[in-house]
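Trainee: I would like a close look at a single part of this model, namely the metal sites, and then at whatever surrounds them. Please take it step by step, with the geometry spelled out.

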Amino acid sequence: MLVYLTLNVEHRTLNRFPLTPNGFFDIRYTNYDILIADSPDALYNISFICYELAMKVECEGNAYSFEKPMLASKLLEQLSLSRETHLVVVNGKLVTEDHRIDRDDEVKLIRVVSGG
Amino acid sequence: MKCRVCGKPANINLRSYKTALCEEDFIAFLEKRVSATIGKYRLIDEADRPIVAVSGGKDSLSLWYMMNKLGYVSDGIYIDLGIEGYSERSLEKVRQMADTLRRRVYVFHVRNALQKGIDGVARVIRRPTCSACGTIKRYIMNRVCIDKGYTVLATGHNLDDEASALFGNVLYWKREYLWKKNVVLEGRGEHLVKKIKPFFLCSEREIAAYAIMKGIDYIYEECPYSEGAKTLVYKEMLNRIEESSPGTKIMFVKGYLKMLKEKGDEKEDGRESRYCLRCGYPTFSDKCSFCWLLDKFGTEYDVEFDQYN
Ligand SMILES: [Zn+2]
Ligand SMILES: [Zn+2]
């Protein structure tokens, strides 16, 4: 399961970062330390929110994350894929378009078209 | 969605057949269609010894698996094109399946014959890679049958392959190719083996679903030299039509087969058919294109196969 951290400054979400397996994220790769150093007052308004993503989707070597559970048909639509060209595999089993994908489900989209 | 046969949750929705099926019933449904195709078009006789042309992709591996499961006991032939990485990975999948089925697979290495991978071969003869590959594959697949006593060569061509090829031939009115496609191409004498396509009426989607359900481990990646750009566009167009009018692809291909049958066997294109003086393969000149290739590379190579049991 992927755990994400959002960095909120002045009540606005600036960005979110995946946590490393041991629960850290590396602020050196962000520019926000500069922001914090330049305006000490802002420190009071910085908050971190930790949350888990609902589902992990793999498609042709790319990984996508979605925050809410949804129907398989909706997932294909969100990625602009056709049900004629992609099969939805949830936890190793093929599912039809009306299947509701839950939190924690591992989803794979399989492209069925191959070149001539 | 519920399975139309048993009422359990369905695993696949088949809009072109207006049905949805669970895993078990879908497998039975697809296998029945392939059996029916084999029966109706007389693809395999009891006395036949079939062999399957395997590439490591979903179609050929599923076909090899299914034919053996349906009782058409068959070995495999794999052509190693000598493409770095890709060829080794696909051969590995083929070997895995050979182990599962406990069948033999013959391996022909292009590099052993011509000292070059397929891209190098193509460069020397100044032809596109896919065209050089096609010449070698057609020849070697036929040759393994002649040399090793197989009477039928099965390939994994599917409904989408046939529909897209037909679509292209109609678009550009390629009359010389239009009526050449068929579920079966009869052999000729002792030099040309019979070729069959048991998946002619099975869509890519159905075959991929079958492979997933059966846990068939196939290679997803495409050949790096694939020049199938046009084919992919046709497939894309046909799938878009299929999306809004389910069943169009199968109607298109079945309609073609019906017209082909009505048309009957018109005589070949008039050119006198001859046989290669060196190896006996049908050709229109003294020497077939494969023997020409061997000459071009100056090799005295005699076609050999590795066997993996
Ligand atoms: Zn069922
Ligand atoms: Zn020859």
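Mentor: What follows begins with the two metal sites and then moves outward to their surroundings.

Please keep in mind that this is a predicted model, in which local features are reported only where pLDDT is at least 70.

The zinc ion (ligand 2) is held by four sulfur donors, the SG atoms of B:Cys276, B:Cys279, B:Cys288 and B:Cys291, at 2.3 to 2.4 Å. Along the chain these donors follow the spacing C-x2-C-x8-C-x2-C. The angles that the four donor atoms subtend at the zinc ion (ligand 2) run from 106 to 115°, and since four donors count as tetrahedral if all angles lie between 85 and 135 degrees, the arrangement is tetrahedral. Two of these cysteines can be described by their accessibility: B:Cys279 is partly exposed, with a relative accessible area of 26%, whereas B:Cys288 is buried, at 1%. The cut-off behind these labels is that buried means under 20% relative accessible area.

The zinc ion (ligand 1) has a mixed set of protein donors, with SG atoms from B:Cys3, B:Cys6 and B:Cys22 and an OD atom from B:Asp25, lying 1.9 to 2.3 Å from the ion. The site of the zinc ion (ligand 1) is likewise tetrahedral, with angles of 98 to 116° among its four donor atoms, and the spacing of its donors along the chain is C-x2-C-x15-C-x2-D. Within this set, B:Cys6 and B:Cys22 link distant parts of the chain, 16 residues apart, with B:Cys6 in the segment before β1 (12-14) of chain B and B:Cys22 in the loop between β2 (19-21) and α1 (23-40) of chain B. Here too the accessibilities can be set side by side, for B:Cys6 counts as partly exposed at 38%, while B:Cys22 is buried at 4%.

From the zinc ion (ligand 2), a path outward runs through B:Cys279, one of the residues touched by B:Arg143 when residues up to four places away in sequence are not counted. B:Arg143 belongs to helix α6 (residues 129-148) of chain B and is buried, with a relative accessible area of 17%. Its other contacts under that rule are B:Asp302, B:Val303 and B:Phe305, and B:Phe305 leads on to the aromatic residues.

Over all chains there are 10 aromatic pairs. In one of them, the rings of B:Tyr106 and B:Phe305 have their centres 6.2 Å apart and their planes at 75°, and because planes over 60 degrees apart count as edge-to-face, the pair falls in that class. B:Tyr106 lies in strand β5 (residues 105-109) of chain B and B:Phe305 in the loop between α12 (289-296) and β11 (306-308) of chain B, so the pair ties together parts that are 199 residues apart in sequence. Both B:Tyr106 and B:Phe305 are buried, and together with B:Phe108 and B:Tyr150 they form one aromatic cluster. A charged side chain joins the picture at B:Tyr150, where B:Arg49 lies over the face of the ring, at 4.2 Å from the ring centre. A further arrangement of this kind involves B:Arg95, which lies over the face of B:Tyr308 at 4.5 Å from the ring centre.

Elsewhere in chain B, helix α9(B) offers a view of an enclosed element: 10 of its 10 residues are buried, so α9(B) is largely enclosed by the rest of the structure. Among these buried residues are B:Glu204, B:Arg205 and B:Glu206, as well as B:Tyr210 and B:Met213. B:Ser203 is found in the loop between β8 (194-196) and α9 (204-213) of chain B, and counts as buried at 10% relative accessibility. B:Ser203 touches B:Leu159 and B:Asp160, not counting residues up to four places away in sequence. On the other side, α9(B) is followed by B:Gly215, whose phi is positive, near 65°.

Finally, chain B meets chain A in a contact that takes 26 residues from chain B and 19 residues from chain A. The area buried between the two chains is about 2,100 Å², of which carbon and sulfur atoms give 50%. On the chain A side, A:Arg83, A:Glu84 and A:Leu94 lose the most area to chain B, together 29% of what that side buries. The partner itself, chain A, comes to two helices and 10 strands, and 39% of its 116 residues are buried.

Notes:
Residues numbered from 1 in each chain as written. Chains lettered and ligands numbered in written order. Predicted model: local features only at pLDDT ≥ 70, side-chain atom pairs only at ≥ 80, totals over all residues. Heavy atoms only, no water. Donors = N, O, S within 2.8 Å, 3.2 Å for Na, K, Ca; no water. Tetrahedral: all angles 85-135°; square planar, octahedral: opposite > 155°, others 65-115°. Buried < 20%, exposed > 50% of the residue type's maximum accessible area, 1.4 Å probe, protein only. Phe/Tyr/Trp six-rings, centres within 6.5 Å; stacked < 30°, edge-to-face > 60°. Helix = DSSP H or I, 4+ residues; strand = E, 2+ residues; numbered from the N terminus. Lys NZ or Arg CZ within 6 Å of the ring centre and 35° of its normal. Contact = heavy atoms within 4.5 Å. Buried area = accessible area lost by both parts, 1.4 Å probe.
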